Amino acid sequence: MTQGITIEEAQKICQKLNQTFKSGKTLSYYYRIEQLTALQNLLSENTERLCKALHDDLGKPAFEASLCEIDLLTKEVIETKRNLHHWMAPEPAERDIATMVNTLEKRRDPMGLTLILGAWNYPIV
C-alpha cells in the first residue's frame with residue numbers, strides 16, 4: 001500500500017517552503033551549493049534503498065534503476081554545481097537612447113516555489 005500525505009500536511013510544507021524563500025536565504029550561491037551537495041549525498045548514501053524501492057514499486061532491475069535514475073540525477077547535480085556560479089551571474093542588458101548612460105543587467109533571480117511533476121516510470125529523475 002502506498003503512503004501519502006494529506007492536503008493539510010502538503011499545505012504546511014508549502015507554507016514553510018514559502019517562508020524560507022521569502023526570507024532570502026535561498027538566493028545565496030553557497031546555500032544552493034549546500035542544498036545540491038545534500039541531494040548528491042542523499043543519492044549516494046541511499047542508492048541501495050532507492051533501487052529496492054524502484055524494484056518493489058515498478059519492477060525496475062537494480063542496474064536500470066541505478067543507471068537511468070540515480071547515476072543520471074547525480075551527474076545532473078554535479079553539472080549544476082559546476083555551472084551554478086556562471087548561471088547566477090548577471091548579464092549585460094541592451095541599452096537604448098533613454099538608458100545609454102545607465103548600466104543595465106539581466107538577472108536570473110528565482111521568483112518563488114515551483115511544482116515539478118515527473119513521469120511515473122522515472123520517479124526520481
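**Exercise 1. The kink in helix 4**

Find where helix 4 is kinked in this predicted model, and state by how many degrees.

*Solution.* Step 1: the kink in helix 4 is centred on arginine 82 and amounts to about 45 degrees.
Step 2: check the length of the helix. Helix 4 covers residues 62–88, which is 27 residues, and at 1.5 Å a residue it should span 39 Å. The C-alpha atoms at its ends lie 36 Å apart, which agrees.
Step 3: look at the side chain of arginine 82. It makes a salt bridge with glutamate 79, with 2.9 Å between the closest N and O atoms. Both residues belong to helix 4 and are three residues apart, about one turn of the helix. An α-helix has 3.6 residues a turn, so residues three or four places apart point the same way.
Step 4: classify the two partners. Arginine 82 has 58% relative accessibility and therefore counts as exposed, the cut-off being over 50%. Glutamate 79, at 36%, counts as partly exposed.

**Exercise 2. The buried side of helix 4**

List the buried residues of helix 4 and say which helices they pack against.

*Solution.* Step 1: apply the cut-off for buried, which is under 20% relative accessible area. In helix 4 this gives Ala65, Ser66, Glu69, Ile70, Leu73, Thr74, Val77, Asn83 and Leu84.
Step 2: find their partners. These buried residues pack against helix 2 (29–45) and helix 3 (47–58).
Step 3: view the packing from helix 2. Its buried residues are Tyr31, Arg32, Ile33, Leu36, Gln40 and Leu43, and they pack against helix 1, helix 3 and helix 4.
Step 4: compare glutamate 64, which also has its place in helix 4. Its relative accessible area is 29%, so glutamate 64 is partly exposed. Leaving aside neighbours within four places in sequence, glutamate 64 is in contact with Glu69 and Tyr122.

**Exercise 3. Lengths of helices 2 and 3**

Compare the end-to-end distances of helix 2 and helix 3 with the spans expected at 1.5 Å a residue.

*Solution.* Step 1: helix 2 has 17 residues and should span 24 Å; its end C-alpha atoms are 24 Å apart, which agrees.
Step 2: helix 3 has 12 residues and reaches 16 Å from its first C-alpha to its last, close to the expected 16 Å.
Step 3: see what follows helix 3. The next residue is glycine 59, with a positive phi near 75 degrees.

**Exercise 4. Salt bridges around strands 1 and 2**

Identify the salt-bridge partner of glutamate 91, and describe the network that includes Arg107.

*Solution.* Step 1: glutamate 91 forms a salt bridge with arginine 108, at 2.2 Å from N to O. This pair links distant parts of the chain: glutamate 91 is in strand 1 (residues 91–92), while arginine 108 is in the segment after strand 2 (105–106), 17 residues away.
Step 2: glutamate 91 is partly exposed at 34%, and arginine 108 is partly exposed at 44%.
Step 3: arginine 107 meets aspartate 109 in a salt bridge of 3.5 Å, N to O. Arginine 107 is partly exposed at 49%, as is aspartate 109 at 43%.
Step 4: a network of salt bridges links Glu105, Arg107 and Asp109. The count for the model comes to six salt bridges.

**Exercise 5. A nonpolar surface patch**

Which residues make the nonpolar surface patch of about 380 Å²?

*Solution.* Step 1: the patch is made by Ile5, Ile13, Leu17 and Leu113.
Step 2: place isoleucine 5. It is found in the segment before helix 1 (7–22).
Step 3: isoleucine 5 has a relative accessible area of 56% and is exposed.

Conventions:
Residues are numbered from 1 along each chain as its sequence is written. This is a predicted model: local features need pLDDT of at least 70, side-chain atom pairs count only at pLDDT 80 or more; totals for chains, interfaces and linings use all residues. Side-chain values use heavy atoms; hydrogens and water are left out. Helices (H or I, at least four residues) and strands (E, at least two) are DSSP runs, numbered from the N terminus. The expected span of a helix is 1.5 Å times one less than its number of residues. The bend at a residue is the angle between axes fitted to the seven residues ending there and the seven starting there. Buried means under 20% relative accessible area, exposed over 50%, partly exposed in between (1.4 Å probe, protein chains only). Contact means heavy atoms within 4.5 Å. Patches are made of residues with over 30% relative accessible area and no salt bridge: like charges are joined within 9 Å, nonpolar side chains (Val, Leu, Ile, Met, Phe, Trp, Tyr) within 5 Å. Accessible areas come from the Shrake-Rupley method with a 1.4 Å probe; for residues, only the protein chains shown count as cover. A salt bridge is a side-chain nitrogen of Lys or Arg within 4 Å of a carboxyl oxygen of Asp or Glu.
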